[in-house]
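Visitor: Could you walk me through this model by question and answer, beginning with its overall layout and then going into the parts?

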Amino acid sequence: MAVKYKWFPSPSYTNNSHRVDALILHTTEGATTNDAIKNYLCGPNGVSYHGSVDNQMIDVCYEYVYEDDKSWSCCNFNSSTLNYVFCTPNGASANWSRDYWLNNQRNAMQTMAHVIADQAKQWNVPIVALSSSEVQSGKRGIAQHMNLGSNGCGHSDCGPNFPMDKFIDLVKGGSSQPTSSDAERYAQMGMAITEDPTIVPVPPTAVKLYVGSDPGYLHTQTVKVRVAVRNKDSWAVSNLELTQATELMTVDVSGTRDLVNISSIDPKGSAVGIEWGF
Ligand SMILES: [Zn+2]
């Protein structure tokens, strides 16, 4: 499974290209699900992360701040880090044991590992655990918020018992799929459309065309696609809106239709996958 990135933009960020030296792990210490923390991070609270994971939604990451922008997560280190948070109850960083993280937070650990692997690949960050002195001196790798010290707001998450060694092993297991680009993701559907417009022949026995895209991965709510199906000299046009809730739609191509024209893909550059149904 590839990580599904769901986009819920936070107002709390600095619109600024920044470098990515370190990938920083946090705990929420309150909200225990993505849906619970989402409401807070999307409100005017002056706190944000690039993304969150919880222990219920396997391979789902809610994203709040575009990776090119600074999240408001760790004070002076916001300008050199990407920040991802585990949804945990209050006291997790102080009280959870190594065994609890390993045995009771498997979904969250695995999902976070896939997210960090995706980002490490995207930003060419080494998959190594950094000590406090290393991350504070700008060495590149993976660390906890607590490693950033007072310049990083002086927080104590994820905690002394967080199993960073095992987490790094999970990250080294790789991203959930070799899917750093949306084009690669939708290539799995059979055909990835990246040229706009694209004209493809309809197989003679096809009755349906499945059209898919992943708006959340593109940090948007909707991907619009115009699908025109030619039947002799007339075209039947469907204007599809693929949303985060509906990432796959179906167009009827039964009958004597012979060509499909896929165009007006908005936002530009979105990868759209298609697959025939017989
Ligand atoms: Zn934190």
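**Domains, sheet and cores**

Guide: The protein chain is divided into domain 1 (4–172) and domain 2 (182–277), with bounds taken from an automatic or database domain assignment. This is a predicted model, in which local features need pLDDT of at least 70 and side-chain atom pairs count only at pLDDT 80 or more, while totals for chains, interfaces and linings use all residues. Residues are numbered from 1 along each chain as its sequence is written.

Visitor: How many Å apart do the C-alpha centres of domain 1 and domain 2 lie?
Guide: The C-alpha atoms of the protein chain fill a box of roughly 70 × 35 × 30 Å, taken along the principal axes. Within the protein chain, the C-alpha centres of domain 1 and domain 2 are separated by 35 Å.

Visitor: Which strand supplies the largest share of the side of domain 1 that touches domain 2?
Guide: Two residues are in contact if their C-beta atoms, placed from the backbone, lie within 7 Å, and 6 residues of domain 1 are in contact with 7 residues of domain 2. Helices (H or I, at least four residues) and strands (E, at least two) are DSSP runs, numbered from the N terminus. On the side of domain 1 that touches domain 2, the largest share, 4 residues, comes from β1.

Visitor: Which strands stand at the edges of the open sheet of 6 strands?
Guide: The order in this open sheet is β1-β5-β4-β7-β3-β8, with mixed pairing, where two strands pair if DSSP finds at least two bridges between them. A single partner strand is available to each edge strand, so one side of each is left without a neighbour in the sheet; these strands are β1 (4–7) and β8 (141–144).

Visitor: Which residue of β5 stands opposite Y5?
Guide: Strand β1 is joined to β5 (residues 60–63) by 4 bridges, and the two run parallel. Opposite Y5 in β5 stands C61.

Visitor: Which helix gives the largest share of the largest nonpolar core?
Guide: A nonpolar core is a set of buried Ala, Val, Leu, Ile, Met, Phe, Trp, Tyr and Cys residues joined through C-beta atoms within 7 Å; a residue is buried if 20 or more other C-beta atoms, placed from the backbone, lie within 10 Å of its own, exposed if 12 or fewer, and partly exposed in between. Of the 45 residues in the largest such core, L23, Y84, M112 and I116 touch the most other members. The largest share of this core, 8 residues, comes from α4.

Visitor: Which residues is I116 in contact with, leaving aside its neighbours within four places in sequence?
Guide: Helix α4 (residues 106–123) lies across β3 (22–27), β4 (51–53), β5, β7 (81–86) and β8. With neighbours within four places in sequence left aside, the contacts of I116 are L23, Y84, I142 and V171.

Visitor: Why is F77 classed as buried?
Guide: F77 lies in the loop between β6 (70–71) and β7, and F77 is in contact with L148, N151 and G152 when its neighbours within four places in sequence are left aside. F77 counts as buried because the number of other C-beta atoms within 10 Å is 24.

Visitor: Which residue is the bridge partner of G212 in β16?
Guide: Strand β11 (residues 208–212) pairs with β14 (residues 248–252) in the antiparallel sense over 5 bridges. Strand β11 is also joined by 5 bridges to β16 (residues 272–277), again antiparallel. In β16, the partner of G212 is G273.

Conventions
Axes fitted to C-alpha atoms, helices over the stretch in contact; angles between N-to-C directions.
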